[in-house]
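Grab a pencil and work through these exercises with the structure open beside you. Try each task before you read its solution.

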Amino acid sequence: PKNAEVLFPSEDESTGIVRMAWSALEYSQDNFYKGTALEVLGEYLTDTSVSDLQRAFVECEDAAAGAVYFGVTDFNPTQTAITFNSVPKEKLGEIKTKLMGLLSDLGSGAAPFDLSRMKIVLNRKRLELLATVENSPEDIFTDMCLVNYLHDPTGRMMASQFDELARFRQLSDESAVFWQQLVQDMFVAKPSVCVVGMPSTQKAADLEQAEKERIEARKIELGEEKLKALGLALDAANAANEQEYPTSILTAFPMPSVEKLNFHPVLTMRSSSCMGDVQAPPPEFAAVADAISQLPVRAQFNHIASAFVMV
């Protein structure tokens, strides 16, 4: 394990930051399942006040941190990190030892896994994914396609990468031993880096002074004539940026045919007091449509293929 202490500029020297990081998994089809499990594990450990890390560091008497976060970065190999914010300065040196002790207990089984809460986390992850697919699918597809392009230019692993729902279902059946082994493999047995961010008012003052000196030195280096020329170039660039863009930029793209647009099929059912005709429902909705038509108030129901209900 490697440790580093870094000063960061702050007007408040009472609290700092601690981050521990591990190199995790190579980007490969064989690791997608374990990668999804790792993200779920991170949420299990930090998502609510009853989570292990929250109870040990935040939601307790004499708290060691104001907040704790878990994250996975899409490098190759991926990087996992646990970050503690608003750590009292006198407790900055205690975080690593306490964290590794807790992770060791989870990995050995000395601290139990709550499988019922793990299933709640998995179900929430599943619902969040479905909601994102319905409301902003471009976010999921863009993110996954970018990661796939960076680490798998052939695109051969893309279909497997997108199959997160199946992985969530499979993870729901995993035993406590699986999660213990994951903690052991990904945290306890792996080398780590611990960076302690020490707050410093002097660092803030030094950076401000260094910036002033850099600007003055740059002015002397360039000279008045060069500064004047650069100022004119900047004004010209700003003026160019503020010009209206030519409409030809937009019209150069061909307009797609409306007939090629795929809309969500919507089945509308109304009470008899509503005006306007609607398409006759298919047989499987006939009883529902009849009940809705007899409602004593004006009501309209729209049915679409969705995992959610909105009122």
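**Exercise 1.** Work out which strands helix α1 lies across, and at what angle α1 runs to β3.

*Solution.* Start by finding α1, which covers residues 32-46. Helices (H or I, at least four residues) and strands (E, at least two) are DSSP runs, numbered from the N terminus. Now look at what α1 crosses: the helix lies across β3 and β4, where contact means heavy atoms within 4.5 Å. Finally, the direction: α1 runs at about 175 degrees to β3. For that angle, axes are lines fitted to C-alpha atoms, for helices over the stretch in contact, and angles run from 0 to 180 degrees between N-to-C directions.

Before you go on, keep in mind that this is a predicted model: local features need pLDDT of at least 70, side-chain atom pairs count only at pLDDT 80 or more, and totals for chains, interfaces and linings use all residues. Residues are numbered from 1 along each chain as its sequence is written, and side-chain values use heavy atoms, with hydrogens and water left out.

**Exercise 2.** Put the strands of the sheet in order and find its edges.

*Solution.* The open sheet has 5 strands, and their order is β1-β5-β2-β4-β3, with mixed pairing. Two strands count as paired if DSSP finds at least two bridges between them. At the edges sit β1 (2-9) and β3 (67-73), each pairing on one side only. Ignoring direction, neighbouring strands here are turned by 20 degrees against each other on average.

Next, zoom in on one pair. β3 and β4 (residues 79-88) run antiparallel and are joined by 7 bridges. For instance, Tyr69 has Thr83 in β4 as its bridge partner.

**Exercise 3.** Look for unusual backbone angles: which peptide bond is cis, with omega near 5 degrees?

*Solution.* First, the background: most residues other than glycine have a negative phi, and most peptide bonds are trans. The bond you want goes from Asn76 to Pro77, and Pro77 sits in the loop between β3 and β4.

Then check phi. Asp62 isn't a glycine, yet its phi is positive, about 55 degrees. Ser86, in strand β4, also has a positive phi, near 50 degrees. Ser86 is partly exposed, with a relative accessible area of 42% (buried means under 20% relative accessible area, exposed over 50%, partly exposed in between, with a 1.4 Å probe and protein chains only).

**Exercise 4.** Is Lys91 buried or exposed, and which parts does its salt bridge with Asp62 tie together?

*Solution.* Step one is the bridge itself: the side chains of Lys91 and Asp62 meet at 3.1 Å, N to O. A salt bridge is a side-chain nitrogen of Lys or Arg within 4 Å of a carboxyl oxygen of Asp or Glu. Step two is location: Lys91 lies in the loop between β4 and α3, and Asp62 in the loop between α2 and β3, so the pair ties together parts 29 residues apart in sequence. Step three is accessibility: Lys91 is buried because its relative accessible area is 11%, whereas Asp62, at 62%, is exposed.

**Exercise 5.** Find out how far apart Arg214 and Glu211 are in helix α9.

*Solution.* Both lie in α9 (residues 201-241), 3 residues apart, which is about one turn of the helix. Their side chains form a salt bridge (2.9 Å, N to O). Arg214 is partly exposed at 49% relative accessibility, and Glu211 is partly exposed at 37%.
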